[in-house]
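Dear colleague,

I am handing over the structure below, followed by an account of what was found in it. Please read the notes with the coordinates open beside them.

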Amino acid sequence: MPSGLAALLDDVAGIAKLAAASIDDVGAAAAKAGTKAAGVVIDDTAVTPTYVTGFTPDRELPIIWKIALGSIRNKLLFLLPAALVLSAFAPFLITPILMIGGAYLCFEGAEKVIHVLSGHHSGEDLHPEDPGADGALLEQEKVAGAIRTDFILSGEIMAIALAEVSAQSIWAQAASLALVAIAVTAGVYGVVALIVKMDDVGVHMAKQNNTLSRAIGRGLVKAMPVTMRFLSVLGTAAMIWVGGGIIVHGLHEFGLHIVPHAIEGAGGGSGVVHWAANAAYSGVIGLAIGAIIALAVKVLPKSKANLAQK
């Protein structure tokens, strides 16, 4: 009996060690995958604050919370299972699906650029304080638009993460992707919440007795409009840049190397200059693709209407 008990305890200890090793492997894989997706995470962080612009301070955090819930739902309920199924049964579909998502990002970014250049505003550019605006409806539309954009960016994050853990078992892949999804969502929307509440923090600090605190508080309040405008521009550029980058990477995967190689050789060498050149060329391609799609979306309905009249 003692020998049997000892053997059982040895088995339990062995299983515990294997479980601990598996947890370590999953954590390491998730950390590596999350690092690889850092570029898209930064873009996601830049895009999201623009969706709360114009709302009263008491609605900012609830809106961010709604978007965050939509984001984690996107990742865990839709993208994670889809990624595992595609990886197991149809890996050849991952690249074209990502390219379609990239084209959508290009379209959204290009549409915003076109609206700015033409002096017109889309429904998403309206604010609750505009005459005749329905604040509740606009909030609903903003949240829905943010979750749609997040779905594409989250898809890219999950795809990058999946590529890093593809050698793991399917359960380890699932655990790693879930860790990445939770960590990225918490990180992105935590930072976004801090950004949009920066002016409230500034107002609180400006009321303190300490001279330095008051000065910093006033500085934060004055910096907020500039910061939001900068993030609005950066968010639009991020859509175009990331979307263009996804499409360029997809072309490379399909063996169409001319454009990817030309971009890869831009800027020469490596480092910041090389990265900036790659991003700029991907952005130009993304803007061109987005503008073509935006033009098609605008022209095709009119063409169909004209044909119907004839």
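In which helix is the place of Glu 141? Glu 141 sits in helix H5, and since this is a predicted model, that placement, like everything that follows, should be read as a property of the prediction. With a relative accessible area of 38%, Glu 141 is partly exposed. Its C-alpha atom is separated by 9.6 Å from that of Tyr 51, although the two residues are 90 residues apart along the chain.

Overall architecture

The protein chain contains ten helices and zero strands, so that reading along the sequence gives the pattern α-α-α-α-α-α-α-α-α-α. Of its 310 residues, 36% are buried. Among the contacts in the protein chain with a separation of 6 or more, 75% are accounted for by residues 24 or more positions apart. The chain exposes about 17200 Å², and 71% of that area is supplied by carbon and sulfur atoms.

The nonpolar cores and the surface patch

The largest nonpolar core has 37 residues, of which Ile 64, Ile 67 and Leu 177 touch the most other members. Helix H3 (57-89), H5, H6 and helix H8 (211-253) each supply at least two residues of this core. Another core, of five residues, lies apart from it, and includes Ile 195, Met 198, Met 228 and Leu 231. To return to Ile 67, its contacts, not counting residues up to four places away in sequence, are with Thr 48, Tyr 51, Val 143, Ala 146, Ile 147 and Tyr 189. Tyr 51 thus appears both among the residues that Ile 67 touches and as the partner in the C-alpha separation given above for Glu 141.

On the surface, Leu 77, Phe 78 and Phe 151 form a nonpolar patch, and together they have about 300 Å² of accessible area. Phe 151 is found in helix H5 (residues 135-164), and it counts as partly exposed because its relative accessibility is 33%, where partly exposed covers the range between under 20% (buried) and over 50% (exposed).

The surroundings of Lys 197

Is Lys 197 buried or exposed? Lys 197 is buried, because its relative accessible area is 16%, which falls under the 20% cut-off. This lysine lies in the loop between helix H6 (170-196) and helix H7 (198-206), and, not counting residues up to four places away in sequence, it touches Pro 57, Glu 60 and Leu 61.

The side chain of Lys 197 has two acidic partners to examine in turn. With Glu 60, it meets in a salt bridge at 3.4 Å, N to O, and that pair ties together parts that are 137 residues apart in sequence, because Glu 60 lies in helix H3 whereas Lys 197 lies in the loop between H6 and H7. Both Glu 60 and Lys 197 are buried. With Asp 200, Lys 197 forms a salt bridge in which the closest N and O atoms are 2.4 Å apart, and the two side chains are also listed as making a polar contact at 2.4 Å. Asp 200 is partly exposed, with a relative accessible area of 29%, whereas Lys 197 is buried.

The salt bridge between helices H3 and H5

By the rule applied here, the count of salt bridges comes to five. One of them joins the side chains of Lys 66 and Glu 139, which meet at 2.9 Å, N to O. Which parts does this pair tie together? Lys 66 lies in helix H3 and Glu 139 in helix H5, so the pair links parts that are 73 residues apart in sequence. As for their accessibility, Lys 66 is partly exposed, because its relative accessible area is 38%, whereas Glu 139 counts as buried, because its relative accessibility is 9%. Lys 66 and Glu 139 are also linked with Arg 59 in a network of salt bridges.

Helices H3 and H5 therefore come up twice in these notes, through the pair of Lys 66 and Glu 139 and through the residues that each supplies to the largest nonpolar core.

With kind regards

Definitions and conventions. Residues numbered from 1 in each chain as written. Predicted model: local features only at pLDDT ≥ 70, side-chain atom pairs only at ≥ 80, totals over all residues. Heavy atoms only, no water. Helix = DSSP H or I, 4+ residues; strand = E, 2+ residues; numbered from the N terminus. Buried < 20%, exposed > 50% of the residue type's maximum accessible area, 1.4 Å probe, protein only. Contact = heavy atoms within 4.5 Å. Areas by Shrake-Rupley, 256 points an atom, 1.4 Å probe, with all protein chains shown as cover. Patch = residues over 30% accessible without salt bridge, like charges linked within 9 Å, V, L, I, M, F, W, Y side chains within 5 Å. Salt bridge = Lys/Arg side-chain N within 4 Å of Asp/Glu carboxyl O. Polar contact = N/O pair within 3.5 Å; in protein donor to acceptor, adjacent residues only side chain to side chain. Core = buried A, V, L, I, M, F, W, Y, C linked by side-chain atoms within 4.5 Å.
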